Amino acid sequence: MSDKNESVDHSRRKFIKNSGIAVGGVVVGGALGSLIPHKQKTEQQQASTAKKQVNYNDALMFFTLDQFKTTEAATERIFPKDELGPGAKELGVPYYIDHQLAGPWGLNAKDYMRGPAYTAEATQGNQLLMDRREIFTLGLKGLDDYSNKKYDKNFAQLSDDQQDDVLEVFDAAKEFKLTGATTKQFFQLLRSMTIEGAYADPLYGGNKNKAGWKMRDFPGSQTGYTETIMKKEFVKIEPKSLREHMGG
């Protein structure tokens with residue numbers, strides 16, 4: 001009887017020993033999975049989730065890092081975060097602008113860009129021979145040059161009120177001048193691209209998580225409204241991006 005009990009105990013110790021190897025190795029699941037402390041599992045799951053959330057599209061294709069920081073600060077003042085939702089920085093607007101400038105649009109590839117050039121009337125819009133990349137590069141440098149001249153700091157290092165003051169000077173186009181374009185022409189382009197980045201389809205790099213659309217109850221790209229078109233009351237619809245029509 002005694003020999004039999006010892007045999008059972010040895011067998012159990014051997015099983016637990018081998019199980020311990022398995023837990024520390026590859027095989028974890030079922031009843032063995034419950035042996036792992038809950039906190040440890042939670043931390044592992046959180047680490048795994050955080051790793052999956054890296055967006056490799058958040059990388060620069062045109063801006064230098066300093067230009068990106070200036071753009072990030074300027075767009076956040078134009079479209080600031082408030083109680084209604086995220087601002088330009090959280091929406092990914094600076095990446096939207098960077099990616100647009102890196103492509104044919106930044107080079108005005110579809111526009112006639114040769115002379116003769118005349119002084120345009122106010123109703124004729126932009127008549128510059130500079131492409132959008134050049135205007136943006138010039139304008140961002142101008143923001144830092146003027147900020148250093150007035151506050152002895154780069155634009156991104158200024159307080160919110162000081163940044164607003166600089167942007168208002170650029171919008172007025174009276175106190176500070178650029179070479180080849182006016183500060184107002186740059187500011188109008190910056191403001192236009194900030195709004196585009198906040199509300200364009202997320203495929204272009206902005207409007208992260210469709211948050212810009214959600215703030216305005218905009219439905220995005222829906223395939224149809226047959227179920228709601230006859231309803232009298234406003235129907236709130238979860239917005240869809242073009243990516244969601246691909247399935248999977």
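K210 is buried in this predicted model, with a relative accessible area of 13%. K210 nevertheless has a charged partner: a salt bridge joins K210 to E244, with the closest N and O atoms 3.1 Å apart. This pair links distant parts of the chain, since K210 sits in the loop between α9 and α10 (residues 211-215), while E244 belongs to the segment after α10, and 34 residues separate the two. E244 has a relative accessibility of 40% and therefore counts as partly exposed, because the partly exposed class lies between 20% and 50%.

**Salt bridges**

Side chains of opposite charge can pair when their charged atoms come close. The structure holds 11 salt bridges. Three of them, including the K210 pair, are listed here with their closest N and O atoms.

| Lys | Acidic partner | Closest N and O atoms |
|---|---|---|
| K150 | D165 | 2.8 Å |
| K210 | E244 | 3.1 Å |
| K236 | D217 | 3.7 Å |

The bridge between D165 and K150 has its closest N and O atoms 2.8 Å apart. D165 is part of helix α8 and K150 is part of helix α7, so this bridge ties together parts of the chain that are 15 residues apart in sequence. K150 is partly exposed, at 40% relative accessible area.

In the third bridge of the table, K236 pairs with D217 at 3.7 Å between the closest N and O atoms. Both K236 and D217 lie in the segment after α10, so the pair ties together parts that are 19 residues apart in sequence. K236 is exposed, with a relative accessible area of 66%, whereas D217 is partly exposed at 32%. Elsewhere, salt bridges with shared partners join R77, D160 and D164 into one network.

**Helix α4**

Helix α4 covers residues 65-78. At 1.5 Å a residue, its 14 residues should span 20 Å, and the C-alpha atoms at its ends are 20 Å apart, which agrees with that expectation. The buried residues of α4 are Q67, F68, T70, T71, E72, A73, A74, T75 and E76. They pack against five other helices: α5 (88-91), α6 (93-102), α7 (132-151), α8 (160-172) and α9 (183-199).

Q67 is one example from α4. Its relative accessibility is 18%, so Q67 counts as buried; the cut-off for that class is under 20%. Setting aside neighbours within four places in sequence, Q67 is in contact with F62, T137 and L140.

**The nonpolar core**

The largest nonpolar core has 36 residues, and the members that touch the most others are I97, F136, L143, F155, F170 and F186. Helices α4, α5, α6, α7, α8 and α9 each supply at least two residues of this core. The most come from α9, which gives 6 residues.

F186 can be followed further. Apart from neighbours within four places in sequence, F186 is in contact with I135, F136, G139, L140, L143, F170 and L178. Two of these contacts, F136 and F170, are also among the core residues that touch the most other members. L140 is a contact of F186 and also of Q67.

**Aromatic rings**

A search of the whole structure finds 10 aromatic pairs. One of them is formed by Y146 and F170, an edge-to-face pair with 6.3 Å from centre to centre and 70 degrees between the planes. This pair links distant parts of the chain, with Y146 in helix α7 and F170 in helix α8, 24 residues apart. Both Y146 and F170 are buried.

How are the rings of F170 and F186 arranged? Their centres are 6.2 Å apart and their planes are at 75 degrees, so this pair is edge-to-face. Here too the pair links distant parts of the chain: F170 lies in helix α8 and F186 in helix α9, 16 residues apart. F170 and F186 are both buried.

F170 therefore takes part in two ring pairs, one with Y146 and one with F186. Ring pairs link a cluster made up of F62, F63, F136, Y146, F170, F176 and F186. F62 of this cluster is also a contact of Q67.

A further ring has a charged neighbour. The charged end of R132 sits over the ring of W105, at 4.0 Å from the ring centre.

Notes. Residues are numbered from 1 along each chain as its sequence is written. This is a predicted model: local features need pLDDT of at least 70, side-chain atom pairs count only at pLDDT 80 or more; totals for chains, interfaces and linings use all residues. Side-chain values use heavy atoms; hydrogens and water are left out. Helices (H or I, at least four residues) and strands (E, at least two) are DSSP runs, numbered from the N terminus. The expected span of a helix is 1.5 Å times one less than its number of residues. Buried means under 20% relative accessible area, exposed over 50%, partly exposed in between (1.4 Å probe, protein chains only). Contact means heavy atoms within 4.5 Å. A nonpolar core is a set of buried Ala, Val, Leu, Ile, Met, Phe, Trp, Tyr and Cys residues joined through side-chain atoms within 4.5 Å. A salt bridge is a side-chain nitrogen of Lys or Arg within 4 Å of a carboxyl oxygen of Asp or Glu. Rings of Phe, Tyr and Trp (its six-membered ring) pair if their centres lie within 6.5 Å; planes under 30 degrees apart count as stacked, over 60 as edge-to-face and the rest as tilted. A charge sits over a ring if NZ of Lys or CZ of Arg is within 6 Å of the ring centre and within 35 degrees of the ring normal.
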